[in-house]
Amino acid sequence: IDKGATFSIDEVNAFGHGLFDSEFVFSVSRDFLRTITTPLLLLYGNDRAHPRGVSEQVASLLPNVEVIEHWRDPEVVPEVIDRMRRFLRKHQLVSAR
């Protein structure tokens, strides 16, 4: 997009509907998610842009996923940070020498 580009309200609305009004994620298919073998840590969503139902579907399709359902409440943040760190340490790349 060119700097200073202008968009009509219809174009903006169409973009928003394309992102948020589908029954699933806009960027990949369910079939593609089934093929991902990379370990993933999924934090469930719970808002219009990231509905919980979609998070549940994504989790059910990914063959190598760890899920954190509750992560936003202040009382769970320290535990969630610890879990994220453990996940990253467990799955860090090891270079060949």
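In these views, a residue is buried when its relative accessible area is under 20%, exposed when it is over 50%, and partly exposed in between (1.4 Å probe, protein chains only). What you're looking at is a predicted model, where local features need pLDDT of at least 70 and side-chain atom pairs count only at pLDDT 80 or more, while totals for chains, interfaces and linings use all residues. Residue numbers start from 1 along each chain as its sequence is written, and side-chain values use heavy atoms, with hydrogens and water left out.

**View 1. How confident the predictor is along the chain.** The mean pLDDT, which is the predictor's confidence in each residue from 0 to 100, comes to 87 for the chain, and 92% of the residues score at least 70. Helices here are DSSP runs of H or I with at least four residues and strands are runs of E with at least two, numbered from the N terminus. Of the chain's elements, β2 has the highest mean pLDDT, at 97, whereas helix α1 (residues 9-20) has the lowest, at 77. A word of caution: where pLDDT is low, don't read the predicted coordinates in detail.

**View 2. The largest nonpolar core.** Such a core is a set of buried Ala, Val, Leu, Ile, Met, Phe, Trp, Tyr and Cys residues joined through side-chain atoms within 4.5 Å. This one has 10 residues, namely F24, L33, I36, L42, Y44, V54, V58, A59, L61 and L62. Helix α3 (residues 52-61) chips in the most, with four residues.

**View 3. The buried face of helix α3.** V54, S55, V58, A59 and L61 are the buried residues in this helix. They sit within an arc of 165° seen down the axis of α3, so they line one face of the helix; the arc is taken over the directions from the helix axis to the C-beta atoms. Their packing partners are α2 (30-35), β1 (40-43) and β2 (65-68).

**View 4. S55 and L42.** S55 belongs to α3 and counts as buried because its relative accessible area is 7%. Not counting residues up to four places away in sequence, S55 touches L42, Y44 and G45, contact being heavy atoms within 4.5 Å. Turn to L42 and, with neighbours within four places in sequence set aside, its contacts are S55, V58, A59, V65, E66, V67 and I68.

**View 5. The β1 and β2 pair.** These two strands run parallel and are joined by four bridges; strands pair if DSSP finds at least two bridges between them. The chain gets from β1 to β2 by way of α3, making a right-handed β-α-β crossover. Right-handed means that, with the strands pointing away from the viewer, the path from the first strand over the helix to the second runs clockwise. On the β2 side, V67 is the bridge partner of L42, and I68 is the bridge partner of L43.

**View 6. Loop residues A49, D47 and S29.** A49 is in the loop between β1 and α3, and so is D47. A49 is partly exposed because its relative accessibility is 36%, and D47 is partly exposed at 30%. From A49 to V25 is 24 residues in sequence and 9.6 Å in space, C-alpha to C-alpha. D47 and G16 lie 31 residues apart along the chain, with 15 Å between their C-alpha atoms. S29 sits in the loop between α1 and α2 and is partly exposed, at 38% relative accessibility. Its C-alpha atom is 29 Å from that of R85, which is 56 residues away along the chain.

**View 7. M84 in helix α4.** This residue is part of helix α4 (residues 77-90). Why is M84 partly exposed? Because its relative accessible area is 28%. Leaving out neighbours within four places in sequence, M84 is in contact with L41 and L43. Between M84 and I9 there are 40 Å, C-alpha to C-alpha, and the two are 75 residues apart along the chain.
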